[in-house]
Amino acid sequence: MPADESVQRMEFMLTLRQRGISDKAVLRAMDEVPREHFVEARFADNAYIDQAMPIACGQTISQPYLVAYMTEQLAVRANHRVLEVGTGSGYQAAVLSRLAREVVTMERYRTLANAARTRLKTLGYANVEVLLGDGLGGEPLRAPFDRIIVTAAAETIPPALTAQLAEGGIMVLPLGPHGGAQELLKLTRTGQGLTRESLIPVRFVPLLPGQAREL
Ligand code: SAH
């Protein structure tokens with residue numbers, strides 16, 4: 001790794017800590033996953049700057065701080081099976097794969113799903129499975145999931161996803177209007193139903209129904 005890249009990566013880790021990420025396993029996972037392989041080649045030099053970046057199909061790879069924050073809020077353990085809705089680049093899935101037993105991630109764009117699948121395989125993240133399809137329905141055949149993370153903003157909480165959350169399970173999702181004020185929510189399934197906690201204001205691309213049509 002060139003000297004300036006290792007400086008950038010040190011600053012990257014420092015920024016995450018300064019912004020309040022303290023879970024050691026999450027920090028280790030963020031340190032391990034090479035973000036430069038998940039951004040477009042023209043942005044590779046800036047892969048360790050704490051910002052979202054455009055990827056194919058008009059989508060974005062999330063800001064690293066948010067990836068770390070959502071991962072920390074999920075409290076993933078080594079025996080967990082995790083569902084991610086919104087594969088995008090596959091970066092969030094790669095981070096989760098360092099913490100969980102298994103990650104199932106769903107993407108509605110074939111181009112993105114195929115690119116992420118190839119990338120994750122090449123990088124050796126063998127416990128991630130990328131599925132092409134509408135994540136609003138989750139993946140009933142693999143349910144229940146210990147943890148569910150949604151990385152696109154829904155206007156209402158998708159009932160199929162809460163139905164696939166295991167007892168004691170946690171789901172983190174952005175909720176709010178497209179392009180408007182959204183908040184990150186944490187839902188926990190208890191014996192009495194779902195508890196709901198508001199986390200921080202966020203801005204995500206929209207969660208859209210159906211598999212995407214591509215030209
Ligand atoms: N987690 C990604 C960020 C993805 S941006 C990363 O780490 O790079 C959100 C993604 O959600 C986009 O790729 C978008 O196509 C996808 N998406 C939106 N609605 C969806 C749906 N209903 N099912 C599956 N994927 C969806």
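In the predicted model, the largest cavity is lined by Asp-23, Ala-25, Val-26, Thr-71, Glu-72, Ala-75, Val-76, Arg-77 and Leu-99. The space enclosed in this cavity amounts to about 50 Å³, and the count of cavities of 30 Å³ or more comes to one. Two helices, H2 (24-32) and H3, each supply at least two residues of the cavity lining. Divided by class, the residues that line the largest cavity comprise five nonpolar, one polar and three charged.

The largest pocket, in turn, has a volume of about 510 Å³. Its lining is made up of 38 residues, and those that lie nearest the centre of the pocket are Thr-60, Thr-151, Ala-152, Phe-204 and Val-205. Several secondary-structure elements each contribute at least two residues to the lining of the largest pocket, namely the strands E2 (60-61), E3 (81-85), E4 (102-107) and E9 (193-202), together with the helices H3 (64-74) and H4 (91-97). Helix H3 thus supplies residues to the lining of the largest pocket and also to that of the largest cavity. In terms of residue class, 19 nonpolar, 13 polar and six charged residues are found in the pocket lining.

The largest pocket is the space taken by the ligand, and the elements that give two or more residues to the shell around the ligand are the strands E2, E3 and E4 and the helix H4. This shell consists of 28 residues, of which Ser-89, Glu-107, Asp-134, Gly-135 and Leu-208 are the closest to the ligand. By class, the shell residues divide into 12 nonpolar, 12 polar and four charged.

Individual polar contacts can be described for both the backbone and the side chains of the protein. On the backbone side, an N or O atom of Gly-86 is placed 2.9 Å from a nitrogen atom of the ligand, whereas a polar backbone atom of Gln-92 lies 3.0 Å from an oxygen atom of the ligand. The side chain of Glu-107, a residue that is also listed among the closest to the ligand, has an N or O atom at 2.7 Å from a ligand oxygen atom. Of the 580 Å² of accessible area that the ligand has on its own, 99% is covered by the protein.

Two features of the backbone geometry complete the description. Ala-143 and Pro-144 are joined by a cis peptide bond, for which omega is about 0 degrees, and Pro-144 is situated in the loop between strand E5 (128-132) and strand E6 (145-150). Cys-57, although not a glycine, adopts a positive phi of about 60 degrees; this residue is located in the loop that runs between strand E1 (53-54) and E2. Strand E2, at one end of that loop, is also one of the elements that supply at least two residues to the lining of the largest pocket and one of those that give two or more residues to the shell around the ligand.

How values were computed: Residues numbered from 1 in each chain as written. Predicted model: local features only at pLDDT ≥ 70, side-chain atom pairs only at ≥ 80, totals over all residues. Heavy atoms only, no water. 1 Å grid on protein atoms, 1.4 Å probe; cavity = no way out; pocket = protein on both sides within 12 Å on 5 of 7 lines; lining within 4 Å. Points joined across faces, edges and corners; volume = space filled by probe spheres on them. Helix = DSSP H or I, 4+ residues; strand = E, 2+ residues; numbered from the N terminus. Nonpolar A, V, L, I, M, F, W, Y, C, P; charged D, E, K, R; others polar. Near = heavy atom within 4 Å. Polar contact = N/O pair within 3.5 Å; in protein donor to acceptor, adjacent residues only side chain to side chain. Areas by Shrake-Rupley, 256 points an atom, 1.4 Å probe, with all protein chains shown as cover. Sits in = over half its atoms within 2 Å of the grid points.
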